[in-house]
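Biologist: Please take a close look at a single strand and its partners. Then place that part in the whole chain.

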Amino acid sequence: MNANSTDAGVLVGIRSGTVPAAVGAGTRNSAAIDRMGFDSCVLTASTGAASGTPTALSLAAKLQESADGQNGWSDLPGAAVEPLTAPNAVARMNVRLSTARRYVRVVETVALTGGTAPTLGASSLIVLCGPDEIPAP
């Protein structure tokens, strides 16, 4: 197999960021994701239904990096999606990882205004791209 393969599945690694859930206002982090062997990724964030009739909502998502996947997390420059402000929406950001530390995680921030105990369906996904090596068939 080579980099010109039509089998796109060998060229990407799909990792869960934050699991789909109805969440209240606040911040949640994904587990650490080992990006070793990949030079870029696509960060996606999506909203689902809103409940509790909020008058305004927002979902922001960004990547942070760490050398060991446990400590020293810091924001990865240029690795944040445009905040989503409507239910059932998707945003994505292409991110270069060639100079990033070994581990990344998604930091998701939900803001909700008004309503009665409002929640927003939210999730994120990372598609790792540009593998150093193509697996053998």
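**One strand, two partners**

Modeller: Strand β5, residues 38–51, pairs with strand β10, residues 119–131, in the antiparallel sense, and the pairing runs over 11 bridges. This is a predicted model. One residue pair fixes the register: A45 has S124 in β10 as its bridge partner. Now the second partner. β5 also pairs with strand β8, residues 90–96. That pairing is antiparallel too, over seven bridges. Here V42 is the residue to find; N94 in β8 stands opposite V42. To trace β5 on screen, start from A45 and look across to S124, then go to V42 and look across to N94.

Now the surroundings. The protein has 10 strands and zero helices. From the N terminus on, every element in the run is therefore β, with a strand defined as a DSSP run of at least two residues. Contacts tell a related story. Of those with a separation of 6 or more, 79% join residues 24 or more positions apart.

Next, the overall dimensions. The C-alpha trace spans about 55 × 35 × 20 Å along its principal axes. The protein has 137 residues, and 43% of them are buried. The exposed area is about 7200 Å². Carbon and sulfur atoms supply 53% of that area.

Last, the charges. There are 9 positive and 10 negative side chains. The centres of the two sets lie 4 Å apart.

Conventions
Residues are numbered from 1 along each chain as its sequence is written. This is a predicted model: local features need pLDDT of at least 70, side-chain atom pairs count only at pLDDT 80 or more; totals for chains, interfaces and linings use all residues. Side-chain values use heavy atoms; hydrogens and water are left out. Helices (H or I, at least four residues) and strands (E, at least two) are DSSP runs, numbered from the N terminus. Buried means under 20% relative accessible area, exposed over 50%, partly exposed in between (1.4 Å probe, protein chains only). Contact means heavy atoms within 4.5 Å. Accessible areas come from the Shrake-Rupley method with a 1.4 Å probe; for residues, only the protein chains shown count as cover. Lys and Arg count as positive and Asp and Glu as negative; His and the chain ends are not counted. The place of a charge is taken as NZ of Lys, CZ of Arg, CG of Asp or CD of Glu. Two strands pair if DSSP finds at least two bridges between them.
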